[in-house]
Amino acid sequence: MSENLDKSHINEAEKSKSNESEKSLGGAVECSDEALQKKIKSDASNPQRVQRPHSSPPRFVTVEELLETAKGVTNMALAHEIAVNRDFWIKPVELPEDSLEKKVKEIVHKAFWDCLSCQLSEDPPTYDHAIKLVGEIKETLLSFLLPGHTRLRNQITEVLDLDLIKQEAENGALDISKLAEFIIGMMGTLCAPVRDEEVEKLKDIKEIVPLFRAIFSVLDLMKVDMANFAITSIRPHLMQQSVEYERKKFQELLEKQPNSLDFVTQWLEEASDELMAQKYKHALPAGGGAAGSGDAPMLSPVAVQNYAYLKLLKWDHLHRPFPETVLMDHSRFQELQLQLEQLTILGAVLLVTFSVAAPGISSQANSAEKLKMIVKILLTDMHLPSFHLEDALTTIGEKVCLEVSSCLSLCGSSPFSTDKETALKGQILAVASPDDPIRRIMESRILTFLETYLASSHQKPLPSVPGGLGPVQKELEEIAVKFIRLVNYNKMVFCPYYDVILSKILHRS
């Protein structure tokens with residue numbers, strides 16, 4: 001399997017503009033609309049997007065259409081992120097320290113609070129701004145209530161009655177401190193436990209303007225807490241709606257940009273061709289003659305899809321555009337690819353160590369686990385550009401040999417000879433080459449495991465782990481679960497498009 005994925009060769013799209021347009025939408029929740037608009041524009045304007053005829057002729061689009069499309073992509077990305085990322089949560093907005101936006105915000109806010117301070121310092125005080133703030137606070141508090149909170153709703157509506165407050169202000173009977181005390185008490189009732197400390201600190205602020213300013217600051221945090229609570233509550237019910245919503249939004253995007261399935265078609269064509277070549281190879285007679293015309297292998301759409309998803313784990317992200325339908329999971333597939341590469345190196349090192357240096361160590365759980373942790377720690381930074389695999393494997397060889405010698409000494413076994421130590425270090429260093437036989441075996445078996453899991457309709461328990469992967473079984477199964485979750489969700493959303501494309505590919509003459 002791994003050899004076939006490594007030998008993928010097709011015409012590639014131009015590099016420079018495609019790389020920017022293929023940036024992951026997995027983090028699109030934090031992306032600006034400007035970035036999304038750039039992606040739409042680059043996809044629409046690149047005349048050499050793929051090296052084959054477009055399925056539909058290009059058409060000119062207006063700025064309004066681009067903005068509308070960008071908004072749709074943003075919403076689709078947000079729904080996707082909530083559905084597939086179980087750790088997704090909203091964070092308070094924090095502007096960069098020296099950014100223009102933060103400076104403007106600070107200036108505007110200061111002007112507003114200075115104006116409020118001036119009004120309250122007048123004799124008699126003017127409460128126009130203060131009453132508007134009380135109105136905003138009232139609406140915010142009401143937004144936190146659930147349908148069953150009738151008593152709290154009545155309390156807020158009664159105490160924060162703006163008409164009554166205006167009358168009190170006009171008659172000089174308004175006690176703004178009493179209103180603030182009620183607001184703080186209600187915030188304490190409605191806030192999450194994590195905000196109790198912030199709400200309690202409000203009681204120590206005696207001046208009205210700083211108090212109102214602090215109240216709004218805490219209310220902003222409570223809004224974020226409420227949004228995260230809502231996301232957690234609706235996530236179990238969101239999956240199906242999200243599938244339908246994403247499919248609808250992608251269809252709208254496809255209608256505006258008819259070439260939005262070019263890379264998907266190219267991806268599935270390539271998977272079909274490679275899988276067909278494999279089947280022809282296995283169908284050849286032992287003598288090497290040509291197979292009969294009636295022996296032509298048949299491919300199923302599911303098999304092609306599964307193989308195509310496996311290809312994403314061996315993708316050349318620097319030089320090849322990512323298929324459009326998996327673009328929002330681009331960063332996740334990249335992360336899985338890096339994890340699998342690290343797991344392949346880890347598995348190969350452990351296989352060499354246990355089979356060549358000290359086969360008995362693998363049966364000792366503590367020693368085997370300690371060796372695995374040593375190697376994992378030294379491979380932690382594999383994703384960094386500054387990481388050098390050869391240097392890391394040299395260090396790993398030294399550490400592993402020391403640990404093996406220590407284990408053998410504790411077990412009363414024969415000491416680790418200098419010749420064996422040299423041989424082990426050499427074989428560990430050889431794993432740095434992608435063509436190393438041990439590394440290729442590990443890679444092939446890992447992909448075989450994932451392929452089997454995909455073909456098993458994601459049934460539990462997981463398939464049996466191929467030989468040699470026992471020491472990394474836990475890590476492999478964790479990656480497999482993440483991979484299958486992404487694939488399964490992607491199929492639910494885009495299967496109708498895949499079916500149409502594959503029906504043309506598999507029935508072509």
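**Charges, rings and cysteines**

Colleague: Let's start with Glu274: does it count as buried or exposed?

Modeller: Glu274 has a relative accessibility of 14%. Buried means under 20% relative accessible area, exposed means over 50%, and partly exposed is in between, using a 1.4 Å probe and protein chains only. At 14%, then, Glu274 counts as buried.

Colleague: Before we go on, what is left out of the side-chain values?

Modeller: This is a predicted model, so local features need pLDDT of at least 70 and side-chain atom pairs count only at pLDDT 80 or more, while totals for chains, interfaces and linings use all residues. Residues are numbered from 1 along each chain as its sequence is written, and side-chain values use heavy atoms, leaving out hydrogens and water.

Colleague: Thanks! How far apart are the closest N and O atoms of Lys311 and Glu274?

Modeller: These two form a salt bridge, which is a side-chain nitrogen of Lys or Arg within 4 Å of a carboxyl oxygen of Asp or Glu. Their closest N and O atoms are separated by 3.1 Å.

Colleague: And how many residues apart in sequence are the parts that this pair ties together?

Modeller: Helices (H or I, at least four residues) and strands (E, at least two) are DSSP runs, numbered from the N terminus. Glu274 lies in helix α12 and Lys311 in helix α13, so the separation in sequence is 37 residues.

Colleague: Which other residue, itself buried like Lys311, forms a salt bridge with Lys311?

Modeller: The closest N and O atoms of this other pair are 2.7 Å apart. Lys311 is buried, with a relative accessible area of 3%, and its partner here is buried too. That partner is Glu270.

Colleague: Which residue completes the salt-bridge network of Glu270, Glu274 and Lys311?

Modeller: A search of the whole structure finds 21 salt bridges. In this network, the remaining member also has its charged end over the ring of Trp315, 4.1 Å from the ring centre. A charge sits over a ring if NZ of Lys or CZ of Arg is within 6 Å of the ring centre and within 35 degrees of the ring normal. The residue is Arg320.

Colleague: Turning to rings, what is the angle between the planes of Phe333 and Phe483?

Modeller: Rings of Phe, Tyr and Trp (its six-membered ring) pair if their centres lie within 6.5 Å, and planes under 30 degrees apart count as stacked, over 60 as edge-to-face and the rest as tilted. The count of such pairs comes to eleven. Phe333 and Phe483 are 6.4 Å centre to centre and edge-to-face, with an angle of 80°.

Colleague: Which helices do Phe333 and Phe483 lie in?

Modeller: Both residues are buried. The pair ties together parts that are 150 residues apart in sequence, because Phe333 lies in helix α14 (residues 330-357) and Phe483 in helix α19 (residues 473-506). The helices are therefore α14 and α19.

Colleague: How many disulfides are there?

Modeller: A disulfide is a pair of cysteine sulfur atoms within 2.5 Å. Take Cys118, which is exposed at 52% relative accessible area: its closest cysteine sulfur, in Cys115, is 6.6 Å away, too far for a bond. The disulfide count is zero.

Colleague: Finally, is Cys495 buried, partly exposed or exposed?

Modeller: The relative accessible area of Cys495 is 26%. With that value, Cys495 is partly exposed.
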